[in-house]
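Good morning, and thank you for making time for this presentation. Please look at the sequence and the model as they appear on the screen, and keep them in view while I speak.

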There are 2 protein chains.
Amino acid sequence: MVDELAAGERRPLARLLTRIENGDPTVRPLLPQLFAAGRGGHVVGITGPPGSGKSTLVSALIGEWRRRGRRVGVLAVDPSSPYTRGAILGDRIRMMEHAADRDVFMRSMASRGELGGIAATTWIAAAALDAAGYDPILIETVGAGQSEVEVARVAETTVVVEAPEMGDEVQAIKAGLLEVADVIAVNKGDRPGADRAARQLRAMLSTAGGRVARQPPPVMVTTATSGDGVAALADAIEKHREAAREPIAARDRAAHQVRRGLADLAAQRAVTTDAWESTVDAVARRELDPMTAAERLLDR
Amino acid sequence: MVDELAAGERRPLARLLTRIENGDPTVRPLLPQLFAAGRGGHVVGITGPPGSGKSTLVSALIGEWRRRGRRVGVLAVDPSSPYTRGAILGDRIRMMEHAADRDVFMRSMASRGELGGIAATTWIAAAALDAAGYDPILIETVGAGQSEVEVARVAETTVVVEAPEMGDEVQAIKAGLLEVADVIAVNKGDRPGADRAARQLRAMLSTAGGRVARQPPPVMVTTATSGDGVAALADAIEKHREAAREPIAARDRAAHQVRRGLADLAAQRAVTTDAWESTVDAVARRELDPMTAAERLLDR
């Protein structure tokens, strides 16, 4: 199966991604092989609120990387929200201009709603695209919630897309997203406030200091519809690839992935024990505290 | 110690909360006792973006519950963001009007940045306030990120505060918050668009259907500065208390808390084994996949 992926065939990859998305238990034993078959493709998370023109920008980035001769993989991750689902799917139609390109592989993936579910699924799917030789592998996600932070920790490089007209209020909401940004794109650069918004963001990021141990992320101005600034954004993303692969950064990411794996595994095992139902019931009746309950389940 | 809490003394409670916040390991053995000493205080999460007037509303709610003869506990949970910190502290000054009231206990808690850290700390701190006889126990949090969703799962009832002027763009960003809402307050009800915003939210919530198995949350209009609608909001929160304590809801919350406990515990144990560093290094060098790494660590 991994050989078929390595040969660049689309159908085995599509089938594997379906199994990954469905949480098929036969995927688990493939992981060591899949991981070992990785070809070092750059995993890039792209996130930002609806209205920032993110999907158009992703489409423009795909075009730029294709001109550079790269095979591009795209995972469009839908959060589990029933409120935003329709809007997101509509938005992604813009990416369809690359649908006929054999060297672009696009896949929409739904979250299973479970804590950790989206991160685990995305991580394994990215490994599959890597084994199939795509580079970069773009993980596109919508919104400003838990899933974005989780997805950011799967990606080696996280791009946050903004739009200039977003007011102070929205800026504050998005502060959480800026924390995870390695590169920021102020899109819709042809609108009046774009350069000012970029300057404000740079000032905000440079004075944040203190608790932020690292270099502030570069703030790029792009106009996805005309293509202005898209090549420079692709360059900034490529440049971050090196920083992301420095031992300390790689180790931090690995530690987080293993922690996440431990959480998923411990929960999976506990849920399948005989004691799960009665233990949870005892906590619900307040006869047992959650930490002691967890300890008992883990020690079985 | 639990006896001192039960006697309603403030200093032992303040000291215990400091130990909880610092992650002091001597807190762990107290948990069964602390949990057993719970008096059934209603844990209410209150969240929403900066600019929604949330802190003023919390202050008005405290006043309302004081008039009803209740002792009110407040945990103001700061997310780890360096970008929003200043704004949040400034915002909370509005709650200080209750600082001299002996029957209001307010405490600001910082997150440790660790995944799960904020939820675990908040859960234990709420248990301490419960043992000390506060009811309701308000957990106030800012923003629209991972921590809010986590905090929502600690609370029995989650109130999301909105402001009427927030546009479509912001609505979409906040969809993630609406998913966790048990009660919604459209604050700044004296502004022109307030009633229209409330109607829009009600329509959005009632048509979301399908994937949402439960009753849509009530949407209340409040004006925190004048007090209009605050008593009705307090009533809506009280009403949800019963729903939150139905066996299915209590069980769901307990299952999530135990899962979270399992995740924290599995990670804590793995991190302290000799194999942790070398295993994470192997994942960072891509010699081992994260899931197999987690399995090995868990099986030691």
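A:A185 stands opposite A:M220, which belongs to strand 7 of chain A. Before I continue, please note that this is a predicted model. Strand 7 covers residues 219-221, and strand 6 of chain A pairs with strand 7 in the parallel sense over three bridges.

Strand 6 of chain A also pairs with strand 5, residues 157-162 of that chain; the two run parallel, and four bridges join them. One point of contact to find on the screen is A:V159, whose bridge partner in strand 6 is A:V183.

Are the two faces of strand 6 of chain A covered or open? Both faces are covered. On one side A:V183 and A:A185 are buried, and on the other side A:I184 and A:V186 are buried as well. Two of these residues have already appeared: A:V183 as the partner of A:V159, and A:A185 as the residue opposite A:M220.

I turn now to the aromatic residues. Over all chains, the count comes to four aromatic pairs. One of them is formed by A:F35 and A:W123, with 6.4 Å from centre to centre and 50° between the planes, and this pair is tilted. Where do the two partners lie? A:F35 is in helix 3 of chain A, residues 31-36, while A:W123 is in helix 6 of chain A, so the pair ties together parts that are 88 residues apart in sequence. A:F35 is buried, because its relative accessible area of 6% falls under the 20% limit for that class. A:W123, at 11% relative accessibility, counts as buried too.

Chain B has a pair to set beside this one. The ring centres of B:F35 and B:W123 are 6.4 Å apart and the planes stand at 50°, so this pair is also tilted. B:F35 lies in helix 3 of chain B and B:W123 in helix 6 of chain B, so here too the pair ties together parts 88 residues apart in sequence. B:F35 counts as buried at 7% relative accessibility, and B:W123 is buried with a relative accessible area of 12%.

B:W123 leads us to the next topic, the cavities. How many cavities of 30 Å³ or more does the structure hold? There are four. The largest cavity contains about 130 Å³ of space. Its lining is made of 13 residues, and those nearest its centre are B:A119, B:A120, B:W123, B:Q257 and B:R260.

Which elements supply this lining? Helix 13 of chain A and, from chain B, helix 6, helix 7 (146-154) and helix 11 (247-271) each give at least two residues. The largest share is that of helix 11 of chain B, with five residues. By class, the lining of this cavity has six nonpolar, three polar and four charged residues.

Helix 6 of chain B holds another residue to examine, B:D130. B:D130 is buried, with a relative accessible area of 4%. Which residues does B:D130 contact, once its neighbours within four places in sequence are set aside? From chain B they are B:G38, B:R39, B:G40, B:G41 and B:I137, and from chain A there is A:R286.

A:R286 deserves a closer look at its backbone. Its phi is near 65°, a positive value in a residue other than glycine. A:R286 lies in the loop between helix 12 (275-284) and helix 13 (290-298) of chain A. At 39% relative accessibility, A:R286 counts as partly exposed, because that class runs between 20% and 50%.

In chain B, B:R286 likewise has a positive phi, near 65°. B:R286 sits in the loop between helix 12 and helix 13 of chain B, and it counts as partly exposed at 39% relative accessibility.

Finally, I ask you to find a backbone feature in each chain. In chain A, a cis peptide bond joins A:D135 and A:P136, with omega at about 5°. A:P136 lies in the loop between helix 6 (117-131) and strand 4 (137-142) of chain A. In chain B, a cis peptide bond joins B:D135 and B:P136, again with omega at about 5°. The loop that holds B:P136 lies between helix 6 (117-131) and strand 4 (137-141) of chain B.

Thank you for your attention.

Note on methods
Residues numbered from 1 in each chain as written. Chains lettered and ligands numbered in written order. Predicted model: local features only at pLDDT ≥ 70, side-chain atom pairs only at ≥ 80, totals over all residues. Heavy atoms only, no water. Buried < 20%, exposed > 50% of the residue type's maximum accessible area, 1.4 Å probe, protein only. 1 Å grid on protein atoms, 1.4 Å probe; cavity = no way out; pocket = protein on both sides within 12 Å on 5 of 7 lines; lining within 4 Å. Points joined across faces, edges and corners; volume = space filled by probe spheres on them. Nonpolar A, V, L, I, M, F, W, Y, C, P; charged D, E, K, R; others polar. Contact = heavy atoms within 4.5 Å. Pairing = 2+ DSSP bridges. Phe/Tyr/Trp six-rings, centres within 6.5 Å; stacked < 30°, edge-to-face > 60°.
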